[in-house]
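I opened this notebook to keep a record of a few local features that I wanted to look up. The entries follow in the order in which I took them up.

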Amino acid sequence: MPLSLTIRRLLTNQPIDLPVFHPIAVHILHLLQTPDFTMTQVTDLANEDQSLAGQILKMANSPLYIGRVRTETIKEAVVRLGGQEIANLAMAASQASIHTSENRTINGFMQSLWLHSHACALGSRWLARRAGYPQHGEQAYMAGLLHDIGKLYLLKALERLNQMGVAHAALEEDLLLEIFAELHVEQGCRLMEHWNMPKVYYNVVANHHDDNFDTQDVVLTVVRLVNTACRMKGIGLLHDPTIDLAEQTEAALLQLSDEEMDDLLDVLDDSQELVL
């Protein structure tokens with residue numbers, strides 16, 4: 001079924017301020033782009049929303065991050081983990097809470113989308129480090145988390161339209177997948193521009209499906225391969241078990257061995273048990 005022009009117009013005219021990013025998480029990310037930021041500033045921002053701060057601490061003390069000593073305050077977490085990881089935790093915590101809806105169909109899609117985004121974040125950080133680019137590990141995490149942000153925006157837009165009494169037909173599964181295929185990159189880029197997100201993340205949102213991508217962009221290359229691995233495993237909305245990771249251009253660019261690709265798949269499996 002071709003995408004209805006009416007549905008497309010309704011979706012693209014929705015306000016860009018739909019709840020897809022937590023302002024404090026974005027502010028922390030922007031703060032890290034300034035050359036003279038301090039850890040005190042990061043701490044103060046994270047503490048502005050006590051609910052978000054609580055979620056950050058919960059994640060900081062999870063099996064993924066916990067050290068020998070339990071972290072009791074945001075200040076301790078910032079000192080132990082650093083600004084970029086706190087930004088990642090803030091964004092992940094806020095994203096986990098946003099991927100919900102009272103509409104059963106939309107909620108099901110949001111939950112699948114969160115499983116996928118969470119797996120891509122963890123898998124991308126692991127892969128960047130394993131492939132010899134540890135300096136890109138935390139950026140790869142954030143990029144993996146946000147690469148499909150356009151899909152979340154479209155779901156939020158459809159949810160609002162549905163509440164207004166229009167676009168009921170768009171909640172059919174096949175049409176939703178068609179809407180995603182046609183619009184999620186475009187709308188994701190629109191979001192990233194509106195929020196003035198760093199270029200490294202914008203590039204991933206814009207090019208994670210583009211055949212002619214920048215092969216020198218390590219973060220993009222990593223996220224693309226992890227995204228493909230998730231699709232092969234069926235983590236998310238799409239499943240294609242016929243995919244051969246060893247044949248992917250990104251695997252060759254990262255010079256991955258068969259053992260490393262098997263390890264990546266194990267990391268993705270584990271991510272489903274650690275979902276927030």
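**Cysteines**

I began with cysteine 120, which counts as buried, since its relative accessibility comes to 0%. I note here that I am working from a predicted model, and I read each value below with that in mind. I then looked for disulfides and found that the structure holds 0 of them. For cysteine 120, which is in no disulfide, I looked up the nearest cysteine sulfur, and this turned out to be that of cysteine 230, 3.8 Å away. As a disulfide requires the two sulfur atoms to be within 2.5 Å, I did not record that pair as one. I turned next to cysteine 189, which is likewise in no disulfide and for which the nearest cysteine sulfur is that of cysteine 120, at 17 Å. Cysteine 189 also counts as buried, with a relative accessibility of 10%.

**Helices α6 and α7**

Which way do α6 and α7 run with respect to each other? I took the axes of α6, residues 83-98, and α7, residues 104-130, and found that they come within 9 Å and cross at roughly 160 degrees. Angles over 145 degrees count as roughly antiparallel, and α6 and α7 are therefore roughly antiparallel to each other. I noted the crossing of α6 and α7 as left-handed. On the α6 side, I listed Glu85, Ala92, Gln95, Ala96 and Ile98 as making the contact, and on the α7 side Met110, Trp114, Arg125 and Arg129. Sorting the residues of this contact between α6 and α7 by character, I arrived at 5 nonpolar, 1 polar and 3 charged.

**Positive phi outside glycine**

I then looked up backbone angles and stopped at asparagine 196, which is not a glycine and yet has a positive phi of about 55 degrees. Where does asparagine 196 lie? I placed asparagine 196 in the loop between α10, which covers 173-194, and α11, which covers 199-207. Is asparagine 196 buried or exposed? Its relative accessible area is 58%, so I entered asparagine 196 as exposed.

My last entry concerns glutamine 255, for which I also noted a positive phi of about 55 degrees although this residue is not a glycine. Glutamine 255 lies in the loop that runs between α13, residues 249-253, and α14, residues 258-273. With a relative accessible area of 69%, glutamine 255 is exposed.

How values were computed: Residues numbered from 1 in each chain as written. Predicted model: local features only at pLDDT ≥ 70, side-chain atom pairs only at ≥ 80, totals over all residues. Heavy atoms only, no water. Axes fitted to C-alpha atoms, helices over the stretch in contact; angles between N-to-C directions. Helix = DSSP H or I, 4+ residues; strand = E, 2+ residues; numbered from the N terminus. Parallel < 35°, antiparallel > 145°, perpendicular 65-115°, else oblique. Left-handed = near helix turned anticlockwise from the far one by under 90°. Contact = heavy atoms within 4.5 Å. Nonpolar A, V, L, I, M, F, W, Y, C, P; charged D, E, K, R; others polar. Buried < 20%, exposed > 50% of the residue type's maximum accessible area, 1.4 Å probe, protein only.
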